Amino acid sequence: MSIKYTYPNNNYSYSNLIKNNYRRKSELNFKIVKNGLILPLTSKETFSGQTGGVIDSSGNCIEESLTIRTNPFIKNKFYKTWFVGLNKKPFKDFSNLKIKKKKVIYIGALPAHYGHFIFEGLSRVWIKKLFNPKEFLFVYISRLNQESHLLEIFTLLGIPKENIIKIETPTKFEQIIVPEPSLRLNDYYHEDFRKSVAVNYKQNKKNKKIFFTRSNKNGRSFGQFFIDKLMFN
């Protein structure tokens, strides 16, 4: 990959990082939590430190349900996650919670940010190759509105809209399947991510390059205005 257009002070860091082999070849796994509880993502004014996730029958947070972000420059160094599960405090209030006689697949906490939604929010979708999405409920926690345009991608990936459920109150299930992420930022990616998320659109009559802008969806992209202007001309 060319580094012609990168900032000079980023060239050194990029040149070192590109040497790493991020592809993970070992098989992805999943965890089954019986009589588990899913807590909704808390709504806080601050971005970080939000709580939520999957809890076992003893009230302990299932670490596999969290989103892990590693530091690309320091080995075994982790960024503070944008949500922290139970913050290592056991959940003890199981009163008035009935077990729903359903088996669900937990696809994680979905970020309300376009880029993180694509890479982290969809990293557990690979599990649909093992469990038919037409027969299982896929549940998530998020601050996203249920009418968000971001959620439309699940139907494109073969998961029926009616089988995508947002957890908004503490909900206990007979069985919760927690897939391992197929991608972790700055850490690894698995071929199953590409196979489960990449959607190829083909149109035989045209052979043009297509640029997907998000200027009308998310205004946080650096330099987006200049890119749009170049592409539209």
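In this predicted model, Leu 137, Val 139 and Ile 141 point one way from S5, while Phe 138, Tyr 140 and Ser 142 point the other way, and all of these residues are buried. Strand S5 covers residues 137-142, and with six of its six residues buried, the strand is largely enclosed by the rest of the structure. S5 has a parallel neighbour in strand S4 (residues 99-110), to which it is joined by five bridges. One register point for that pairing is Leu 110, whose bridge partner in S5 is Ser 142. There is also a pairing with strand S6 (residues 164-166), again in the parallel sense, and here three bridges do the job. Val 139 of S5 has Ile 165 as its bridge partner in S6. Taken with the side-chain directions, Val 139 sits in the set that also holds Leu 137 and Ile 141, and Ser 142 in the set that points the other way.

Next come the pairings of strand S2 (residues 30-39). S2 runs antiparallel to strand S7 (residues 171-179), with eight bridges between the two. Phe 30 stands opposite Pro 179 in S7. S2 also pairs with strand S3 (residues 53-55), in the antiparallel sense and over three bridges. To pin down the register there, look at Leu 37, which has Ile 55 of S3 as its bridge partner.

Thr 171 is a handy residue to look at within S7. Its relative accessibility comes out at 9%, so Thr 171 counts as buried, the cut-off being under 20%. The side chain of Thr 171 reaches the backbone oxygen of Thr 169 at 2.7 Å. Leaving aside residues up to four places away in sequence, Thr 171 touches Gly 36, Leu 37, Ile 38 and Lys 100. Leu 37 thus turns up twice, as a contact of Thr 171 and as the bridge partner of Ile 55.

On to the aromatics: a search of the whole structure turns up four aromatic pairs. One of them is Phe 30 with Phe 131, an edge-to-face arrangement at 5.4 Å centre to centre and 85 degrees between the planes. This pair ties together distant parts of the chain, as Phe 30 belongs to strand S2 while Phe 131 lies in the loop between helix H2 (114-121) and S5, 101 residues apart. The two rings differ in burial: Phe 30 is partly exposed, with a relative accessible area of 29%, whereas Phe 131 is buried at 15%. Phe 117 and Phe 154 make another edge-to-face pair, this time with 6.1 Å between centres and 75 degrees between the planes. Here too distant parts of the chain are linked, with Phe 117 in helix H2 and Phe 154 in helix H3 (residues 153-156), 37 residues apart. Both partners are buried: Phe 117 has 1% relative accessibility, and Phe 154 has a relative accessible area of 0%. Ring pairs also gather Phe 30, Phe 131 and Phe 136 into a cluster.

As for the nonpolar interior, the largest core holds 25 residues, and those touching the most other members are Ile 105, Leu 110, Phe 117, Leu 122, Phe 138, Leu 151 and Phe 154. Two or more residues each come from S4, S5, H3 and helix H4 (191-197). The biggest contribution is from S4, with three residues. Apart from this core lies another, made of 23 residues, among them Leu 39, Tyr 106, Ile 167 and Val 178. Several names are familiar by now: Phe 117 and Phe 154 form the edge-to-face pair described above, and Leu 110 is the bridge partner of Ser 142.

That leaves an open sheet of three strands in the order S1-S9-S8, with mixed pairing. Strand S1 (23-24) and strand S8 (183-184) stand at its edges, each with a single partner strand, so one side of each has no neighbour in the sheet. S8 and strand S9 (residues 188-190) pair in the antiparallel sense over two bridges, and Arg 184 stands opposite Tyr 188 in S9. Tyr 188 has a further partner in Arg 24, which lies over the face of the tyrosine ring at 5.2 Å from the ring centre.

Key:
Residues are numbered from 1 along each chain as its sequence is written. This is a predicted model: local features need pLDDT of at least 70, side-chain atom pairs count only at pLDDT 80 or more; totals for chains, interfaces and linings use all residues. Side-chain values use heavy atoms; hydrogens and water are left out. Buried means under 20% relative accessible area, exposed over 50%, partly exposed in between (1.4 Å probe, protein chains only). Helices (H or I, at least four residues) and strands (E, at least two) are DSSP runs, numbered from the N terminus. Two strands pair if DSSP finds at least two bridges between them. A polar contact is a pair of N or O atoms within 3.5 Å; within protein, one must be able to donate a hydrogen and the other to accept it, and residues adjacent in sequence count only if both atoms are side-chain atoms. Contact means heavy atoms within 4.5 Å. Rings of Phe, Tyr and Trp (its six-membered ring) pair if their centres lie within 6.5 Å; planes under 30 degrees apart count as stacked, over 60 as edge-to-face and the rest as tilted. A charge sits over a ring if NZ of Lys or CZ of Arg is within 6 Å of the ring centre and within 35 degrees of the ring normal. A nonpolar core is a set of buried Ala, Val, Leu, Ile, Met, Phe, Trp, Tyr and Cys residues joined through side-chain atoms within 4.5 Å.
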